[in-house]
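Subject: Structure handover and findings

Dear colleague,

Please find the structure below, with its sequence. My notes on what was found in it follow.

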Amino acid sequence: MTGGIRLTSTVTRSPGGGQGGRCIRLNGIRNKYPDIGPELRRRRVEAGLSLQGLADLCHYSVGHISNVENGNKAASREFVLVCDRALDAGGELAALWAASEGPTDPVSWRGPLQLPSVPRLVGRSALIAELDAALAMVSEGQSSVVVTLDGAAGSGKTTLAVTWSRRIRDSFPDGVFFYDLRGYSANSDPAEPSEVIEAFLHDLGVPPAVVPANTDRRAALLRTRLDRTRTLLVLDNASSAEQVRPLLPGSPGCLVVVTSRRRLSGLAVREGARCVTVPSFTPAEAVGLLREAIGGSRVDDEPVAARDIVRLCAHLPLAVRVAAEHVAAHPHMPLGVLAGELSAMDSRLDVLCREDEAVRAVFSWSYRALSSGAARLFRLLGLHPGERLHPHAAAALGGVPVASVTALLGELSCVHLVDEVGLDRYRQHDLLKAYAVERACEEETAAQRDAATARLLDWYLHTAGRANDAIAPRYPNPPLGAARPGVPDAPVGFTYRGAVAWCEEELGNLVAVGQLAHRVGEYGHAWRLAVVMWNFLYLRKPWTAWVAMHETGLAAARADGDVAGEAWVLNNLAQAHRERRLFDLAASELHLALRLRREVGDGVGQAWTLTGLGYLESDREDHEAAVAAFTAAVGLFEQAGDRYGEAVAVDGLGEAHRRLGSWESALENFGHALSIMRAGADRYSEGYTLTRLGSTLASLGRCAEALAHFDLALDARREIGDRWGEAETLIARGDALLARDPAAARSSWEAAVAILDELGDARVGEVRDRIDAVPRQRASGCGTGITSSASSP
C-alpha cells in the first residue's frame with residue numbers, strides 16, 4: 001500500500017465521499033497513456049508550483065519532471081504516485097496513468113513486468129485452453145509449475161508464451177520476468193544459467209555485494225527470494241533442460257513458461273513439466289493471419305491463391321507474417337500472381353527440409369523486393385553478435401550516416417525483416433539473422449564483411465570509452481586510436497546518467513562484441529573494451545559481465561603478446577574477484593599484474609596495482625599491509641606527477657588509517673586527497689572523499705562537522721549530476737545520524753530511496769529495510785532532517 005492509493009484496476013469512492021477509498025490499478029512499469037505529461041503540467045501550474053517546486057516536494061529532478069511533461073520520458077508507477085500525492089490529485093493522476101490497462105481484478109503490484117512486445121496472436125485457441133489448464137495447477141501443487149512450449153523455429157512459440165503471460169499476469173503480482181536464453185542464436189553463445197540468475201536477482205533488488213559467485217548458490221538464493229511469492233518466469237529460446245533447471249523456483253505459487261525448439265523431456269521426467277507442442281498454423285489460422293494483414297476482400301476474392309500462399313509458407317506463423325507484408329505491399333497485384341512468384345522462388349532455393357524451404361523462400365521473396373541499400377543493411381545486420389541493436393550500431397555496420405540507416409531500418413521493419421522492439425531498438429528473429437548471415441556470405445566479399453565488423457567494433461569501443469569517461473572523467477583509459485572512416489559518433493552527448501543508462505542497455509552486446517573481437521583477431525579491441533568499461537562495471541557490479549569481458553580480454557591480450565594489456569586486464573579482473581571475496585585469486589592476479597608492469601617499466605600502472613593491493617589488504621583486515629601498499633602507490637604516483645592517482649591512493653591510505661583507529665592520520669590523508677581533487681576540479685572524486693571524511697568525523701563524535709562535510713559532498717555530486725553518488729552520500733549521512741537522531745537518519749534514507757527508485761538501482765531494497773527498522777519520531781539532538789532539495793540536481 002502506498003499512501004492512500006491502493007494499486008487496483010478501478011476508481012471508486014468510499015461511502016463517505018472521501019478519497020481514502022480510491023483504488024487505482026497501476027499494474028505496469030511504464031505509462032502508455034499519452035496525456036499524463038500535459039495533465040501533470042496543468043496540475044502543477046494550477047498548484048502554483050515551478051518545476052523546482054514540484055521537484056522539492058517529490059524528490060525527483062527538474063529534468064526528470066520536465067521530460068515527463070514534454071513526453072520525452074515515460075512515467076514510472078512510483079513517480080506518478082509521488083506526484084499524485086504532492087499535487088493533492090486524489091488519485092486522479094494515477095487513474096489517468098492506468099487508464100490504458102483496462103479493468104481487471106484488484107492486484108497490488110510489487111515486482112517488475114518484463115514482457116516484450118510481440119505480434120498479435122492469431123488463432124491458437126486450443127493451445128490457450130491447454131495453457132489455462134496449467135494455470136489452475138499453480139495454486140494446487142506443492143511446488144512451482146513448469147510449462148514447456150516446443151516447436152519448429154518460426155512456429156510462434158514466443159508470441160504464444162508472451163501473449164498468454166500477459167493475459168494471466170494479474171495472477172502473479174510479485175513479478176513477471178522474461179529472459180531470452182539465446183539457445184539457438186545465429187552468432188552468440190547460449191546464456192549461462194549463472195548470468196540469467198544474476199539478472200533476476202538484480203531485478204529482485206538483491207544488492208550485488210550479496211550475489212554469490214557460485215551458480216548453485218545463486219540458484220539457491222533465487223529460490224529463497226521467490227519462496228512464498230506468486231511470480232511468473234518466461235524463459236525464451238532454451239537450448240536444453242540443463243540450461244533451464246537452475247532457474248526454476250521451488251515453491252508453489254510460481255509458474256515457469258519455457259520455449260524451445262526441442263522437446264524438453266528431461267524437465268517432464270524430473271520436474272513434472274507439462275510439455276505442449278506448438279505446431280504450425282492450421283490452414284484456417286494461417287489464412288486468418290493473411291486476412292488480418294491484407295484485408296478480407298482480397299482473400300475472399302481469391303481464396304485458392306490465399307491458401308496457396310500460406311501453404312508455400314508451410315503454415316509457419318513467422319513465414320506467413322513476412323509473406324503477408326510482401327503481399328500487402330502490392331495491393332493491386334492479384335494473389336494468384338504473387339503465389340506464382342513465391343512458388344517460383346521456392347523452386348530456385350537450395351533447401352534442407354520442407355520448413356527450411358518455406359522460410360527461406362519467403363525471406364528471399366521479401367529480401368529481393370528491398371531497395372539495394374536496405375538489402376545490403378539486412379545482410380550486414382547478420383554480423384551483429386547481440387540480440388538487439390541501436391541505429392548507430394547499424395550505421396557502423398553499413399558505413400552510412402545515421403539518418404540514412406534510420407530510413408533503411410524503417411523499410412526493413414515494414415516488411416518484418418527486423419522488429420522494432422523499443423525506442424531506437426531493433427532485433428531479428430534467429431531465423432532471419434541466420435538468413436542474413438547466409439546472404440552476407442553469398443553477396444559480400446570477405447574483405448567487405450571484415451570491414452563492416454571492424455567498423456562495428458570501433459563504434460562499440462569508442463562509444464563505451466566516451467560513456468565511461470562521462471561516468472568518471474578523471475580515470476585513465478588506454479589510447480584507443482582513431483575510429484575507421486564510416487563509424488558514427490556516440491548516440492548522444494553523454495551525461496553521467498545517460499552514460500550509465502547506455503552501458504546498462506548495451507551490456508549484453510558489449511560482452512558479445514568483446515568475444516567477437518577475440519574471435520576475429522582484433523585482440524586490441526577485445527582487451528581495451530573490457531578496460532574502458534571499468535567505471536560502469538565498478539559502479540553497477542554486474543559480476544557475470546565484468547568477469548566475462550575481462551576473461552575474454554585477458555585471453556586476447558595474451559594471444560597478442562601485449563604485456564601491458566594483460567597487466568591492465570589482470571588488475572581490473574582482480575578487483576572483481578576481491579569484491580567477490582575471492583581474496584587468494586585476486587592476490588595472485590594483482591601480484592602477476594605488478595610483476596608484468598615492472599617488466600615493462602610502467603610506473604603509473606604499478607601504482608594502480610599497489611592501490612588495488614591496498615584495498616585487498618584492507619578487506620583482509622590487514623590494515624598495516626594496506627598502509628604499506630597505499631604508501632608505496634602514493635610514492636609512485638608522486639614520481640609520475642599523476643595527481644589524480646595520488647589522490648585516490650591517499651584517500652585509500654586515509655581509510656586504512658581510519659580502520660586502524662589512527663583518526664588524526666586518517667583526517668590528514670583525507671584532507672590531502674581533498675586538496676588535490678579540488679586543485680584539479682575533480683568534483684566526482686571530491687564527493688567520494690567528502691563522504692568518507694564525513695563518516696570519519698561522525699565516528700569521532702564531531703557531528704556538526706560531519707554534517708557539514710556531507711552537505712559539501714551533496715553539493716559536489718549534485719553539481720555534476722552524479723545521482724548515484726548523491727544517493728550514496730545520503731545513505732552514509734543516514735548511517736551517521738542513526739544513533740543520534742533516528743528521525744533525521746530516516747529522512748536522509750528516504751531521500752536516497754527517491755533517487756534510487758528513479759534510477760532503478762537495486763540498493764533501494766536494502767535502504768528501505770533500514771527505514772522500516774526505524775520508527776517515525778520527531779527529530780532531536782544534533783541531527784537534522786534532509787532539506788527539501790535533497791534529490792534535486
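I begin with helix α30, whose buried residues pack against α29 (603-619) and α31 (643-660). Contact here means heavy atoms within 4.5 Å; buried means under 20% relative accessible area, with a 1.4 Å probe and protein chains only. Helices (H or I, at least four residues) and strands (E, at least two) are DSSP runs, numbered from the N terminus.

As to provenance, this is a predicted model, in which local features need pLDDT of at least 70 and side-chain atom pairs count only at pLDDT 80 or more, while totals for chains, interfaces and linings use all residues. Residues are numbered from 1 along each chain as its sequence is written, and side-chain values use heavy atoms, with hydrogens and water left out.

The buried residues of α30 are H623, A626, V627, A629, F630, A633, V634, L636 and F637. An α-helix has 3.6 residues a turn, so residues three or four places apart point the same way. The 18 residues of α30 (residues 623-640) should span 26 Å at 1.5 Å a residue, and the end C-alpha atoms are 26 Å apart, which agrees; the expected span is 1.5 Å times one less than the number of residues. G641, just after α30, has a positive phi of about 70°.

A second helix packing involves α24 (residues 523-532) and α26 (residues 543-560), whose axes come within 8 Å and cross at roughly 145°. Axes are lines fitted to C-alpha atoms over the stretch in contact, and angles run from 0 to 180 degrees between N-to-C directions. From α24, Y523, A526, W527, L529, A530 and V531 meet residues of α26 that include M549, H550 and G553. Classed by residue type, this contact has ten nonpolar, two polar and one charged residues, where Ala, Val, Leu, Ile, Met, Phe, Trp, Tyr, Cys and Pro count as nonpolar, Asp, Glu, Lys and Arg as charged, and the others, Gly among them, as polar.

Turning to the strands, six of the six residues of β6 (residues 255-260) are buried, so this strand is largely enclosed by the rest of the structure. One side carries L255, V257 and T259, and the other V256, V258 and S260. Strand β3 (residues 145-150) runs parallel to β6 and is joined to it by six bridges, with V145 partnered by L255. Strand β5 (residues 232-238) also pairs with β6 in the parallel sense, over five bridges; there A238 has S260 as its partner. Pairing requires at least two DSSP bridges between two strands.

Overall, the protein has 37 helices and nine strands, and buried residues make up 56% of its 793 residues.

Yours sincerely

How values were computed: Buried < 20%, exposed > 50% of the residue type's maximum accessible area, 1.4 Å probe, protein only.
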